[in-house]
Amino acid sequence: MEEYILLIDTEDAKGLVYNISKVLFANNLNIEQNAEYVDPETKKFFMRSIISGKVSANILLKELKEVLPQSAQIKLNKKEKKDVVILATKESHVLGDLLIRYVAGELNANIKAVIANHEVLGDLVEKFDIPFTCISAEGLSREEHEDKMIAKINEYEPELIVLAKYMRILTPKFVQEYPKKVLNIHHSFLPAFIGANPYKQAHERGVKIIGATAHYVTDDLDEGPIIYQDVVRVDHSYSWEDMRNAGRNVEKIVLSNAFEYLLNDRVFVHGNKTVIL
């Protein structure tokens, strides 16, 4: 029996759940799982339902539009693995973790390829029998390099792109090419440190919390809608190398969890934040 994920984002109104359920019942569909949320400030309604049965997508979407507010956004996705491309540079910890989870069957994904701007990770990726391509940026402008990256990515027609410590700033052109399709991870220090070796800076400052943030990529660097965050506590006994290792561990967890949310259609973008159902 087929399963679909129904996603609805609309202004709140009385009877929404009743009207949606009535349409599903009339189409002989069963609700396997359901989650709802109403934002008390904006009065926006969000609903994610896993439905099963013989789905006629055009008829179902037409009938749902008839009973929902005109501004409603409705998506109906078949519950199946999503095609994914991973971008990387030189750091292996996040990429390696995703690949291990993938071959263990833990990710609802088809990882089609890993594309990097250095050759360093090629041997690692090939051990997992996944295509690896290096597109060096040497001697190219940022735009020229991105054009080559985009052309290669589009060969695989991915539904999602994951930046596994891909250490290049993306241009607005790249972001516009893949709206709400690019997931990034970065460390989060309290207070924040940038530049060369932030872990040394954090160690010298006596930081007690190291975290990581996974978010959608937008034109605002590292400021896209946040999907998942976590922290780990450190203390005076940690060397900067210990802090780096702790940071890498939390980065792996955060990216993996955010990735899983996206693979399972659990993320709604609401302004510059997210609703996870």
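This is a guided tour of a predicted model, moving from the whole chain to its domain interface and then to single residues.

Residue numbers start from 1 along each chain as its sequence is written. Because the model is predicted, local features need pLDDT of at least 70 and side-chain atom pairs count only at pLDDT 80 or more, while totals for chains, interfaces and linings use all residues, and side-chain values use heavy atoms, with hydrogens and water left out.

**The whole chain**

Begin with the C-alpha trace of the protein chain, which spans about 60 × 40 × 35 Å along its principal axes. Colouring by secondary structure should bring up 8 helices and 13 strands, where helices (H or I, at least four residues) and strands (E, at least two) are DSSP runs numbered from the N terminus. Of the 277 residues, 46% are buried; here buried means under 20% relative accessible area, exposed means over 50%, and partly exposed lies in between, with a 1.4 Å probe and protein chains only. Among contacts (heavy atoms within 4.5 Å) between residues at least 6 apart in sequence, 67% join residues at least 24 apart.

**The two domains and their interface**

Next, select residues 3-78 as domain 1 and 82-276 as domain 2, bounds that come from an automatic or database domain assignment. Their centres, taken over C-alpha atoms, are separated by 32 Å, and the contact between them takes 12 residues from domain 1 and 8 residues from domain 2. The area buried between the domains is about 800 Å², with carbon and sulfur atoms giving 63% of it; buried area is the accessible area (1.4 Å probe) that two parts lose on being put together, summed over both. Show Leu7, Phe46 and Arg48 as sticks, since these supply 50% of the area that domain 1 buries against domain 2, more than any other three residues.

Across this interface the rule finds 1 salt bridge, a salt bridge being a side-chain nitrogen of Lys or Arg within 4 Å of a carboxyl oxygen of Asp or Glu. Lys273 forms a salt bridge with Asp39, and their closest N and O atoms are 3.9 Å apart. On the side of domain 1 that touches domain 2, the strands β1 (3-11), β2 (30-39) and β3 (44-52) each supply at least two residues.

**Around strand β3**

Stay in domain 1 and centre on Ser52, which lies in strand β3 and is buried, with a relative accessible area of 3%. The side chain of Ser52 makes a polar contact with the side chain of Glu32 at 2.5 Å; a polar contact is a pair of N or O atoms within 3.5 Å, where within protein one must be able to donate a hydrogen and the other to accept it, and residues adjacent in sequence count only if both atoms are side-chain atoms. Leaving out residues up to four places away in sequence, Ser52 touches several others, including Met1, Leu29 and Asn28.

Asn28 is worth selecting next, as a residue that has a positive phi of about 60 degrees although it is not a glycine. Asn28 sits in the loop between α1 (16-26) and β2, and is exposed at 68% relative accessibility. Lys43, in the loop between β2 and β3, also has a positive phi, of about 55 degrees, without being a glycine, and is exposed at 51% relative accessibility.

**Salt bridges to visit**

The structure holds 11 salt bridges. Select Lys82 and Asp265, whose side chains meet in one of them (3.1 Å, N to O). Lys82 lies in strand β5 (residues 82-88) and Asp265 in the loop between α8 (240-263) and β12 (267-270), so the pair ties together parts that are 183 residues apart in sequence. Lys82 is buried at 8% relative accessibility, and Asp265 is buried at 12%.

Move on to helix α3 (residues 93-103), where Arg101 and Asp97 are 4 residues apart and thus separated by about one helical turn. Their side chains meet in a salt bridge (2.7 Å, N to O); Arg101 is partly exposed at 24% relative accessibility, whereas Asp97 is buried at 16%. Adding Glu106 to the selection completes a network of salt bridges that links Asp97, Arg101 and Glu106.

Finish at Asp147 and Lys173, whose side chains meet in a salt bridge (2.5 Å, N to O). Asp147 belongs to helix α5 (residues 142-155) and Lys173 to helix α6 (residues 172-177), 26 residues apart, and the pair links distant parts of the chain.
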